[in-house]
Amino acid sequence: MTALLPFLLVVGFAQEPGSGPAPAGTSEIRGRITDAESGLPVPGAVVRLTAFPESMLTTADGEGRYVFRALRPGQYLVSAENPSHRATYLPGGYVDPLRGSQIALREREVRADVDIALRRAGVLEVRVVDDVGEPVARSRVTLRSAATGARIFVDIRRGTDDRGVIRLYPLPPGDYTVCAEPGIGRVFTGSRRRAPRERLLRTCITDAEGADRTATVSGPGTSTVELRMRRGRTYSISGTVLDATGTPSSDAFVSLEIHSDGLSSGFSSAGDGSGRFAYKDVPPGEYGIAARSGGSYQRPPVQEGYLALRVVASDLDDLTVHMAPTVEVKGRVTFEGPAEPSLDPRMSPLMISARLVGDQSRGNGSTQSGHMYPDRTFAIQGLFGRRTFAFANVPRGWYVKSVHLGERDVTDVPVEIGKADGELEVVLSTRGAAVSGRALDGLGNVVPGIRVLALPADPDRWWAREFPSAAVSKEGRFELGPLRGGDYLLVAFPAVRSMALYQDPDEVRRLAKQAERVSVQDGERLEVLLTVQR
Amino acid sequence: MPQPEVGRTPTPTLAVGALCLLLQAAVPTSRDVTPSPDLGAISGRVTEQGSGRPIARAAVVLIGGSGERHEIETDPDGRYEFTGLPPGRYAVAASPGELRATHLLQLLGDPEPRASLPARPRPAVTLAPGEVRTGADIALTRALAIEGRVLDENGEPMSGVEIAVLREGLPHPSDGILSDDRGEYRAFGLPPGRYRVCAFADGSGSLGPLPASDSRFVRTCHPSATSETTAADVAVVDMDIASIDIRMQRSGTYSLSGVVVDASGAPATRARVGAVGVGHRGGGDTGVHTDEGRFDIDGLIPGSYMLIASLGGPETPDDRRPPAREHEMAFVPVEIGHADVDGLTITLSKGEKIAGRVRFEGGQRPPFTRRGISVFLGSPRDLPGFGGLPVMTDVEDDLTFVLEGFFQLPRFVGLSGLPDGWVVASVRHGDRDITGQVVEFSANPGSRPIEISVTNRAARPSARILDQGQPSTEHHAVVFPVDPARWRTANLFPEAPISTEGVMPLGTLLPGEYFVAALSPQDRHLLFLEPERLEDLARVADRVTFGEGDRQTLDVRVRKLPRR
């Protein structure tokens, strides 16, 4: 019955440019898009008007002028970027030096001065060569901002050409970490015979000591850098899949999942009917082996197992993947408070995820998730094994107070998922603990652009990609909460690194090392002084 | 998940650069094997054609008689050696090495380089017991490139434009070539030949689809051609070719408008309507919502479209609960010429539901395969863009099934996951025989069941593929019924292994008359891209009759798909 849904996605109903903020208002925003350097207009520049969560687009005319008419009163943001099929400028947003970026529009108001000057973008031309200096073709080059740690999204459709060259753009001035990978999905499942083999491995530009070295884009124009890929040994992964009775599975479908730089992808499957699996020529990195048996087009696998792996410097042979019967866990969310939160259907609904204990891999790994439906129910399919639960898209001002699976309280403890568990009851509340205080640098000064994060003290819960956090005010104060009572690691860090936190589990580990441990009880208000970490 | 077999692409061929990704097998070395006087060796040198320069770290692949592959790398002097080889026939291929696109794949003994390594390349070396063959040298041809700029009507460079390189009407297997920030592109890894270079600009910015405008870029081939006939050939001989610029052309755009009424006949409020190009991407995909039943889609270039309207249904793709409003959809083919199309009425209908039963002839149910069998409603091969989304359901243990939630579209009924040797004998819908036929099920009341009869009284012939009188392992046999009424549902690209003697099973076929021919991978790809060429193939194919229980191996000659 869901087979027709991809049509809807193909057609792209989700995006509705031009039908954004409801028209029929009486106000107007207009302005001019220019080149910041020359002051000349940028004809065809694409201009976006956002009244969160909706937005609409228009293009600038021959003089760089644009207009959004018939607007209703409200708060608006305006941003502009390159004309279609141009790559000259960096995207830019309108900012009033006094009033900031938000435009508060009144009835019948015409704002005619919403001008944006676009800065020319920089280009980083990377040439990738192998260890003997020959150009590497079809390699994927990734960038991270050295300042924020965030991945820079460049067009991933392109790889290096036959000369090893790729141009990455549009880039703001700054320092970048540059890495090249040979491409993912290149793992071979082969015969029993073992053949250690060397191949090109993921490599970042490093200095002589092996520390990441950055490439600098100083402004508009092309900066060039060469990256020499390492070659190194590959390894084998092999083992047996056992079914729920402990016997080698004759019908398991085995796949190797590759987790690289926060991205999960690249399946390749193996399995020869004897429960054995073997992958050869596997480069060092993080992987997961998923085994599934039974199931069909409509039904999830009957049994499933998952093993997270890290290949470092040795073959991983004689592994065992234990399968267990899969279970669909149904559940319900209860909002406990004076009033239910207003749930905007256009926003992402509460997400309930469950992950195997001990799965430290980047990316999705063994995580299975379900979304809360408008009637507050949800379902997570394909669960098995010992798991912890985590939540994302928790409405502002609420926290997850308790999680029960049938009779068992599984709020903070892992649970072995079984057939007769009963429903998952999730209670959200507004009345938790609160932590407030000041976050200052070592000399007692206020630092701008800082956030405070509350990581659960239990590292088994760090796989969750959403943690309670709060911005630090201009006075250096923050108010964090509501939180569930418990032990937390508090850390104040530059807000620009928040994105990296979401993309890179190593960033969570790094922050945890700099954090301060606190303990709060439900209903308690705690006051702390934090030192800002760089 | 089992997939219906119709509409599947031919087995992908391996791009040159991908060679090394797939071929790493154990390298037999002297320490791996017990020394035996029967074991031989093959050695040689890999050099660059013309200059004679040795190529270090080239990837050399040895393919044995049963298809097993071994890969090694050349030493700094370009030398390679495979040892410990049992007597037999071997093919040897060399390519420039991991992630290099400097040279082309070359098979030992082949006159020309290849774009890809065949699944079963022709053996070039016959090794006698204990024979040590030296001098199996391979010269690699330099891979060539075409470069140029993509320009708009004002001569300004355009970035992010997709480039396709075509050779003899077929896209060259190149991965995602896009023009860069300066509007420049470089298509590389090309063998010598005559090419056309075409560009497609989707017109979107990185912010998302832009508002409709009164003109759009259309697919344009070098130098500024919007049709195949006016495109210029680019001859690539022995050097990279530069300055192959493409000046992108625009077309006027038109609108589609009308009303959407729901299944009860009332104007549909907030129905979603989109137009998807059929056989072209020219207009892009546009989605709008109806306002009091009316819709208006702007910015479409001339061409064929499928209008898709949808109301109600699940809110998110993964929502499996009953929706708040029952899902209604409609599919309406529309042709846009050089004018707006107004006054369309789209009538939505509720999802169809048909029950059915599978009957195994003779009453005997063979053991099912592990994943069970599934019934699907397949899309005919000539409805591109819709082929990949069949409606599918499991057949229950009591052999009944219920297909539901599908909408009025031309479809045919198929079974996947049948046990070996069994084939669909007939499909009846009520009292109509719809075996191999394309039907719109909503034209019939959904109450009548589908009866699928499955038989093992079938032919299971094989083809010995002959290329100029010699067995070939590099071509594929294509078999299809003589009756043109069944062509839209024929499975032309089954996955079947080809033996070293060039013998390929033709599958399980109902007794009857068939056309059979063998095609090169290129022609097979062309047939996949252009289903209407089956007509041309029928004119040059052999006509054969298969009877019940036939298991013969017949000689099938390689035919060239007539060029149009």
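Which residue in β18(A) is the bridge partner of E125(A)? In this predicted model, the partner is T224(A). That pair belongs to a parallel match: strand β10 (residues 122-129) of chain A runs alongside β18(A), and eight bridges hold the two in register as partners.

Step back and you see an open sheet of three strands in chain A, ordered β13-β10-β18, with mixed pairing. Its edges are β13 (165-171) and β18 (221-228) of chain A, each of which pairs on one side only. On average, neighbouring strands here are turned by 25° against each other, ignoring direction. Edge strand β13 of chain A also holds P170(A), and the peptide bond between Y169(A) and P170(A) is cis, with omega at about -10°.

**How far to trust chain A**

The average pLDDT for chain A is 85, and 88% of its residues score at least 70. Confidence peaks in strand β9 (residues 116-118) of chain A, with a mean of 97, and bottoms out in helix α1 (residues 5-11) of chain A, with a mean of 33. Residues 1-22 of chain A stay under 50, and the model gives them 54 contacts beyond four places in sequence. Another stretch, residues 184-194 of chain A, is also below 50, with 34 contacts beyond near neighbours in sequence. Where pLDDT is low, don't read the predicted coordinates in detail.

**Strand β11 of chain A**

Why is strand β11 (residues 140-145) of chain A described as largely enclosed by the rest of the structure? Because six of its six residues are buried. R140(A), T142(A) and R144(A) point one way from β11(A), while V141(A), L143(A) and S145(A) point the other way, and all of them are buried.

β11(A) has antiparallel company. Six bridges tie β11(A) to strand β14 (residues 174-181) of chain A, and R144(A) finds its bridge partner there in T177(A). Two more antiparallel bridges link β11(A) to strand β12 (residues 151-152) of chain A, where I152(A) is the bridge partner of L143(A). β11(A) and β12(A) make a hairpin with five residues in between, and G149(A) in the turn has a positive phi of about 75°.

**Backbone oddities**

Besides the Y169(A)-P170(A) bond, chain A has a cis peptide bond from G481(A) to P482(A), with omega near 0°. P482(A) sits in strand β40 (residues 477-483) of chain A.

Two residues other than glycine have a positive phi, and here they are with their values:

| Residue | Phi |
|---|---|
| R108(A) | near 55° |
| D318(A) | near 55° |

R108(A) is in the loop between β7 (103-105) and β8 (110-111) of chain A, whereas D318(A) is part of strand β26 (residues 316-322) of chain A. Are they buried or exposed? R108(A) counts as exposed because it has 10 C-beta neighbours inside 10 Å. D318(A) counts as exposed too, with 8 C-beta neighbours inside 10 Å.

**A look at chain B**

Over in chain B, R196(B) lies in strand β15 (residues 193-200). R196(B) is buried, since 20 other C-beta atoms fall within 10 Å. Leaving out neighbours within four places in sequence, R196(B) is in contact with L166(B), C221(B), H222(B), A231(B), D233(B) and V234(B). G67(B) is 129 residues away along the chain, and the C-alpha atoms of R196(B) and G67(B) are separated by 35 Å.

Technical notes: Residues are numbered from 1 along each chain as its sequence is written. Chains are lettered from A and ligands numbered from 1 in the order in which they are written. This is a predicted model: local features need pLDDT of at least 70, side-chain atom pairs count only at pLDDT 80 or more; totals for chains, interfaces and linings use all residues. pLDDT is the predictor's confidence in each residue, from 0 to 100. Helices (H or I, at least four residues) and strands (E, at least two) are DSSP runs, numbered from the N terminus. Two residues are in contact if their C-beta atoms, placed from the backbone, lie within 7 Å. Two strands pair if DSSP finds at least two bridges between them. Axes are lines fitted to C-alpha atoms, for helices over the stretch in contact, and angles run from 0 to 180 degrees between N-to-C directions. A residue is buried if 20 or more other C-beta atoms lie within 10 Å of its own, exposed if 12 or fewer, and partly exposed in between; C-beta atoms are placed from the backbone.
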